[in-house]
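Grab a coffee and have a go at these short exercises. Each one comes with a solution worked step by step.

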Amino acid sequence: DKTLTVWIPAQLAESLEELHAQTFSASLTVQELSATRLNLQSVSGLTELYEVEAEEANFSSVSGDIELYMPQGVKFSIYFDTTSGQMVGNYPLYGTEGGKQYYIGSSDLEYTVNTVSGNLAVNQRVYKDE
């Protein structure tokens with residue numbers, strides 16, 4: 001097993017224009033980052049995001065699962081297009097357009113997720129002191 005860790009300086013991580021990452025059979029974790037756009041692609045690895053802010057995010061996966069942890073009260077929309085994956089999690093989302101468009105409130109935060117067989121988990125971020 002090999003692990004690649006990329007550390008981005010705090011000042012840069014607070015205001016990136018775009019983050020683009022691709023993996024093949026490897027997990028991808030993004031945390032404590034703010035970017036205008038995220039573009040994350042995976043063939044079969046798990047993709048996780050913690051404390052990440054992005055106005056626009058595009059995720060794609062062939063068979064890997066994608067997990068989003070969103071703070072309570074954040075308003076966003078997700079367009080989830082999949083062949084056989086499922087949307088799971090404990091975040092209270094509402095669906096439209098044949099069950100492919102999900103949202104919580106009205107917001108400029110727009111996320112697009114495409115998978116072939118990967119699932120999308122959207123969970124409420126729980127902090128230890130809550």
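**Exercise 1.** Which side chain meets Glu17 in a salt bridge? Keep in mind that this is a predicted model.

*Solution.* Start at Glu17: its side chain meets that of Arg37, at 3.4 Å from N to O. That fits the cut-off, because a salt bridge needs a Lys or Arg nitrogen within 4 Å of a carboxyl oxygen. Next, place the partners: Glu17 is in strand 1 (residues 16–23) and Arg37 in strand 2, 20 residues apart.

**Exercise 2.** Work out which residues make up the salt-bridge network.

*Solution.* The structure holds 2 salt bridges. Besides the Glu17 pair, Arg37 forms one with Glu18, with the closest N and O atoms 3.7 Å apart. Arg37 lies in strand 2 and Glu18 in strand 1, so this pair ties together parts 19 residues apart in sequence. Put together, Glu17, Glu18 and Arg37 form the network. As for exposure, Glu17 is partly exposed at 48%, Glu18 at 41% and Arg37 at 27%.

**Exercise 3.** Find the bridge partner of Arg37 in strand 3, then see what surface patch that partner belongs to.

*Solution.* The partner is Glu56, and strand 3 spans residues 47–61. Strand 2 and strand 3 pair in the parallel sense over 13 bridges. Glu56 is partly exposed, at 36% relative accessible area. Now look at the surface: Glu56 gathers with Glu55, Asp108 and Glu110 in a patch of negative charge.

**Exercise 4.** How many bridges join strand 3 to strand 9?

*Solution.* Count 6, with the strands running parallel. Within this pairing, Ala57 stands opposite Tyr111 in strand 9.

Methods. Residues numbered from 1 in each chain as written. Predicted model: local features only at pLDDT ≥ 70, side-chain atom pairs only at ≥ 80, totals over all residues. Heavy atoms only, no water. Patch = residues over 30% accessible without salt bridge, like charges linked within 9 Å, V, L, I, M, F, W, Y side chains within 5 Å. Areas by Shrake-Rupley, 256 points an atom, 1.4 Å probe, with all protein chains shown as cover. Lys, Arg positive; Asp, Glu negative; His and termini not counted. Charge placed at Lys NZ, Arg CZ, Asp CG, Glu CD. Helix = DSSP H or I, 4+ residues; strand = E, 2+ residues; numbered from the N terminus. Buried < 20%, exposed > 50% of the residue type's maximum accessible area, 1.4 Å probe, protein only. Pairing = 2+ DSSP bridges.
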